[in-house]
Amino acid sequence: LGCWFLYEALCVGVLWFGGLLGYALAEYWGIVHVRTLQSRWLFPRATGLLYGGILLYARSWPLGPSWLPLWCLLSTQFW
């Protein structure tokens, strides 16, 4: 099922493929590495806001550069 999602996202565009991979990385990080109670409350909400902003950008400016939100998304996760 995950491979099918990635394939469909790749058919739509690189932004969606990278976004799904970034989301999977964020979920893994949230499950495995987030330890404190405050982080468990804050991390999912911050991730939701981040991905919500990326989806809003992609919907509002469909002809915008797809590398920009993908770069912002991945750089905030690796910061």
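This section describes the nonpolar core, the aromatic pairs and selected helix features of a predicted model.

The largest nonpolar core of the model consists of seven residues, namely Leu15, Ala26, Tyr51, Ile54, Ala58, Leu70 and Leu73. At least two residues of this core are supplied by each of helix H2 (14-32), helix H3 (37-60) and helix H4 (67-78). H3 provides the largest share, with three residues. Among the core members, Leu73 touches Gly19, Leu50, Tyr51 and Ile54, when residues up to four places away in sequence are not counted.

Helix H2 contains 19 residues, for which a rise of 1.5 Å a residue predicts a span of 27 Å; the end C-alpha atoms of H2 are 27 Å apart, in agreement with this value. The buried residues in H2 include Leu15, Gly18, Gly19, Gly22 and Ala26. These residues cover an arc of only 100° around the axis and therefore lie on the same side of H2. An α-helix has 3.6 residues a turn, so residues three or four places apart point the same way. Two of the buried H2 residues, Leu15 and Ala26, also belong to the largest nonpolar core.

A pair of aromatic rings is described by the distance of the centres and the angle of the planes. The model has two aromatic pairs. In the pair of Tyr23 and Tyr51, the ring centres are 5.4 Å apart and the planes stand at 90°, so the arrangement is edge-to-face. Because Tyr23 lies in helix H2 and Tyr51 in helix H3, this pair ties together parts that are 28 residues apart in sequence. The two partners are assigned to separate accessibility classes: Tyr23 has 40% relative accessibility and counts as partly exposed, whereas Tyr51, at 11% relative accessibility, counts as buried. Tyr51 is also a member of the largest nonpolar core and is touched by Leu73.

The other pair is formed by Tyr57 and Trp61, with ring centres 5.3 Å apart and planes at 45°, so this pair is tilted. Trp61 has a relative accessible area of 54% and is therefore exposed, the cut-off being over 50%.

Leu74 is located in helix H4. Its relative accessible area is 28%, so Leu74 is classed as partly exposed. Leu74 and Leu21 are 53 residues apart along the chain, and their C-alpha atoms are separated by 9.5 Å.

Key. Residues are numbered from 1 along each chain as its sequence is written. This is a predicted model: local features need pLDDT of at least 70, side-chain atom pairs count only at pLDDT 80 or more; totals for chains, interfaces and linings use all residues. Side-chain values use heavy atoms; hydrogens and water are left out. A nonpolar core is a set of buried Ala, Val, Leu, Ile, Met, Phe, Trp, Tyr and Cys residues joined through side-chain atoms within 4.5 Å. Buried means under 20% relative accessible area, exposed over 50%, partly exposed in between (1.4 Å probe, protein chains only). Helices (H or I, at least four residues) and strands (E, at least two) are DSSP runs, numbered from the N terminus. Contact means heavy atoms within 4.5 Å. Rings of Phe, Tyr and Trp (its six-membered ring) pair if their centres lie within 6.5 Å; planes under 30 degrees apart count as stacked, over 60 as edge-to-face and the rest as tilted. The expected span of a helix is 1.5 Å times one less than its number of residues. The arc is that of the directions from the helix axis to the C-beta atoms.
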